[in-house]
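Work through the exercises below with the sequence and the model in view. Try each task before reading its solution.

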Amino acid sequence: MKTEINRTVVTRMIALFGFVAALWVIQALNWATGYWFNTLFGLIPRHVSGLDGILGMPLLHGSFAHLISNTAPLLMLGGLLVTTATRALVAVNACIILLGGLLVWVFGSTAIHIGASGLVFGWFGFLIARGLVDRSMVTLGAALIVGLLYGSIIWGVLPGQPGVSWEAHLFGALAGVVAAIAIRTHVHAPRVTGIRNR
């Protein structure tokens, strides 16, 4: 059983690194084409032609610096996610990408929204909220680590930073919270409860 869990975690970590590597390949191709992919597949709020950007937005970046700023949190938060959740990762990510992207499409400012930071904020919201919902030592520990390392990113949900899709940050985080409440990831660890009655 333990060997099977370890194998699953290794497989998920390989998939995570593969995803991040794919982002770098896409960025290189995007850069080589003068960022043509951004105009073609970026999310454009309230435009039918921009609906495919719900799926395209997390894969596209505006510069190598933009991707570099997302790479470390993708690996850190993604690593915590894949090592502490035993199942339902596809459903969690689908909720974050689809719900968060749809909310940006409906309520976002008129611009081309791109970047994996919506996914980063979604994982942040999920890991924090899941700790409070599940209350196991594993999920509370993960929430504490996320809070200590990345708590300051919460300011990214506020408007006012030029060139930053704060809407993707806000709605990504909200979608992560929804995923934590609606989708149980069945972490097999003892729950923290109140003092037992005698």
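The exercises cover pockets, cavities, helices and aromatic rings. This is a predicted model, in which local features need pLDDT of at least 70 and side-chain atom pairs count only at pLDDT 80 or more, while totals for chains, interfaces and linings use all residues. Residues are numbered from 1 along each chain as its sequence is written, and side-chain values use heavy atoms, with hydrogens and water left out.

**Exercise 1. Describe the largest pocket and its lining.**

Step 1. Take the terms. On a 1 Å grid over the protein atoms alone, a cavity is a set of points where a 1.4 Å probe fits but cannot get out; a pocket is an open set with protein on both sides within 12 Å along at least five of seven lines; lining residues have an atom within 4 Å of a point. A volume is the space filled by probe spheres set on the points, which are joined across faces, edges and corners.

Step 2. The largest pocket holds about 430 Å³ of space. It is lined by 20 residues, and His-66, Ser-117, Val-164, Ser-165 and His-169 are the closest to its centre.

Step 3. Two or more lining residues come from each of helix 4 (64–84), helix 6 (117–134) and helix 8 (166–182). Helices are DSSP runs (H or I, at least four residues) numbered from the N terminus. Helix 4 gives the most, four residues.

Step 4. Sort the lining by class: 10 residues are nonpolar, nine polar and one charged. Here Ala, Val, Leu, Ile, Met, Phe, Trp, Tyr, Cys and Pro count as nonpolar, Asp, Glu, Lys and Arg as charged, and the others, Gly among them, as polar.

**Exercise 2. Set out the two cavities of 30 Å³ or more.**

Step 1. The largest cavity has about 90 Å³ of space. Of its 13 lining residues, Met-57, Ile-96, Gly-101, Gly-118 and Leu-119 lie nearest the centre.

Step 2. Helix 5 supplies the largest share of this lining, five residues. The lining of the largest cavity has eight nonpolar, five polar and no charged residues.

Step 3. The second largest cavity has a volume of about 40 Å³. Its lining consists of Arg-130, Val-133, Asp-134, Ala-180, Ile-183, Arg-184 and Thr-185. By class these are three nonpolar, one polar and three charged, and helix 6 gives the largest share, three residues.

**Exercise 3. Which residues of helix 7 are buried, and where do they lie?**

Step 1. Helix 7 (residues 137–150) has 14 residues and spans 19 Å from its first C-alpha to its last, close to the expected 20 Å. The expected span is 1.5 Å times one less than the number of residues.

Step 2. Thr-139, Ala-142, Ala-143, Val-146 and Tyr-150 are buried. Buried means under 20% relative accessible area, exposed over 50%, and partly exposed in between (1.4 Å probe, protein chains only).

Step 3. Seen down the axis of helix 7, the buried residues fall within an arc of 100°, so they line one face. The arc is taken from the directions from the helix axis to the C-beta atoms. Met-137, Leu-144 and Leu-148, on the other side, are exposed.

**Exercise 4. Classify the ring pair of Trp-36 and Phe-37.**

Step 1. Rings of Phe, Tyr and Trp (its six-membered ring) pair if their centres lie within 6.5 Å; planes under 30 degrees apart are stacked, over 60 edge-to-face and the rest tilted. The count by this rule is five aromatic pairs.

Step 2. The ring centres of Trp-36 and Phe-37 are 5.8 Å apart and the planes are at 55°, so the pair is tilted.
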